Amino acid sequence: MTMHWIAGQTSTGSTGVFSFTNIPQTFQHLQIRITARSTYTGAENMFMRINNSSSSWWSGHALGGQGTSAYAASYTSNSYADFTAIANGSQSANVFSAAIIDIFDYASTTKNKTIKLIGGFDNNGSGYMEIRGALALTTGAITDIHQLGGTAVGGANVLAAGSRADLYGITSNPIATGA
Amino acid sequence: MAIRRLSTASIKTGSKSNKIWDQDTQQGAIVPIASYELNWSEVYGFTNIPQIYQDLMVVISGVNSQAGGSIAIDNFNGTSTANRSFIYVGGNGSTAASGKNSNIDYIALAYTGGSVSNTVPTVAIAHFINYANTTTHKNIIFQASNDLAGTGDTTLGIGKIASTAAISSFNITTQVPGIYWGNGSRVTLYGIKAGA
């Protein structure tokens, strides 16, 4: 198994969401590594949509902690994958979220799509850390991630300068083992 | 340097030979930078970390010289400034918990602290996201686990260094004076490349 960089995007302060299109169908899995901050000043989560669709095919679970207690949450029939809280404009300057998102068997055309995220942010003792699972009830191969950002995106709310996301493909060929 | 024959199907770019392993093709995005076996020291340091990667990943499998140590990362860029903090969520087999610490000079990777065994390895992976940038505070996503056949815990957390400086060095420590890394402990630092 090896991991290969596919594409990356950096916000200069005017980017609403990140998007990756024409994703090669040659890998086994995908991984997104993202650091982001929203300019919105209210509570906001990181979110994602796939295949240029806003279908309400998303459900998910969360296990998290905010520094005092653990919590669990879930949702169904969402039009987007609802991920962990994103650092926003009300946090201290230069505080960003970080997350690693694994998208399993993304090129399959027979299985629904399962995604795992670990991530959160820390603002000197306040913030969140979560592991989340998301399910997209579609067997279509994932060919694009057309919205990756904050749920309050729109208007003046954008990803702050310095936000960045990188998309990687993970192989399952035998080269990495030397076989 | 070993040379391995690759099939044409293994080559992603047309400019590369289909007969010669050019290292880069096989290497992928995760590149080993340095690896140490940790024997009888409280602290091991990584210095002069190349600034050419997008992220760093540290993989630790540690046994302490006696029970009661921890796994922590500190001394970022050679400083002990109390500008670090972390939040975690974890479980010990019966209870889920969350905790935090702030205005400290380290980031602990095992939430119960003092739980690292002297016989069973505690494993941890820490991801330094966007470590080389000079405009944002630095995040470290970490996961740790030590199962002691019925006791132990597993942890997921995020730490922050309130500094915009790129990370060029840091230490791995047991955090407890007099407790050392035991035989067989190992820490490996990887760079995660972005770009072609």
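This presentation describes the strands, sheets and salt bridges of a two-chain structure, beginning with chain B as a whole and then turning to single residues.

Before the details, a word on conventions. The model is predicted, so to speak of a local feature requires a pLDDT of at least 70, side-chain atom pairs count only at pLDDT 80 or more, and totals for chains, interfaces and linings use all residues. Residues are numbered from 1 along each chain as its sequence is written, chains are lettered from A and ligands numbered from 1 in the order in which they are written, and side-chain values use heavy atoms, with hydrogens and water left out.

Let me start with chain B. Its secondary structure consists of one helix and 12 strands. Helices here are DSSP runs of H or I with at least four residues, strands are runs of E with at least two, and both are numbered from the N terminus. Read from the N terminus, the helix comes before the strands, in the order α-β-β-β-β-β-β-β-β-β-β-β-β. Of the 196 residues in chain B, 49% are buried. Buried means under 20% relative accessible area, exposed means over 50%, and partly exposed lies in between, with a 1.4 Å probe and protein chains only. The chain exposes about 8200 Å², of which carbon and sulfur atoms supply 51%; these areas come from the Shrake-Rupley method with a 1.4 Å probe, and for residues only the protein chains shown count as cover. Among contacts in chain B with a separation of 6 or more, 71% link residues 24 or more positions apart, a contact being heavy atoms within 4.5 Å.

How are the strands of chain B arranged? One open sheet holds eight strands in the order β1-β12-β3-β8-β9-β10-β5-β6, with antiparallel pairing. Two strands pair if DSSP finds at least two bridges between them. At the edges stand β1 (30-38) and β6 (96-104); each has a single partner strand, so one side of each is left without a neighbour in the sheet. On average, neighbouring strands of this sheet are turned by 15 degrees against each other, direction ignored. For such angles, axes are lines fitted to C-alpha atoms, for helices over the stretch in contact, and the angles run from 0 to 180 degrees between N-to-C directions. Within this sheet, β3 of chain B and strand β12 (residues 185-192) are joined in the antiparallel sense by seven bridges, and B:Met57 has B:Tyr190 as its bridge partner in β12.

A further open sheet of chain B has four strands, ordered β2-β11-β4-β7 and paired antiparallel. Its edge strands are β2 and β7 (106-108), each pairing on one side only. Here the average turn between neighbouring strands is 25 degrees, direction ignored. Strand β2 runs antiparallel to strand β11 (residues 170-173), with four bridges between them, and B:Gly45 stands opposite B:Asn171.

In chain A, I draw attention to strand β8 (residues 97-104). Seven of its eight residues are buried. Seven bridges join β8 of chain A to strand β3 (residues 29-36), which runs antiparallel to it, and A:Ile32 has A:Ile101 as its bridge partner. Strand β8 of chain A also pairs with strand β9 (residues 113-123), again antiparallel and over seven bridges, where A:Ile103 stands opposite A:Ile115.

Now to the salt bridges. How many are found over all chains? The search of the whole structure gives six, where a salt bridge is a side-chain nitrogen of Lys or Arg within 4 Å of a carboxyl oxygen of Asp or Glu. One of them joins A:Arg33 to B:Asp55 at 2.6 Å, N to O. This pair crosses between chains, from strand β3 of chain A to strand β3 of chain B, and both residues are buried. Another joins A:Asp166 to A:Arg164, with the closest N and O atoms 2.7 Å apart; both A:Asp166 and A:Arg164 are buried. In chain B, B:Glu37 and B:Arg186 form a salt bridge at 4.0 Å between the closest N and O atoms. B:Glu37 lies in strand β1 and B:Arg186 in strand β12, so the pair ties together parts that are 149 residues apart in sequence. B:Glu37 is partly exposed at 40% relative accessibility, and B:Arg186 is partly exposed at 35%.

Finally, two asparagines in loops. A:Asn124, in the loop between β9 and β10 (126-136) of chain A, has a positive phi near 55 degrees and is partly exposed, with a relative accessible area of 32%. B:Asn48, in the loop between β2 (43-46) and β3 (55-62) of chain B, has a positive phi near 50 degrees and counts as exposed at 71% relative accessibility.
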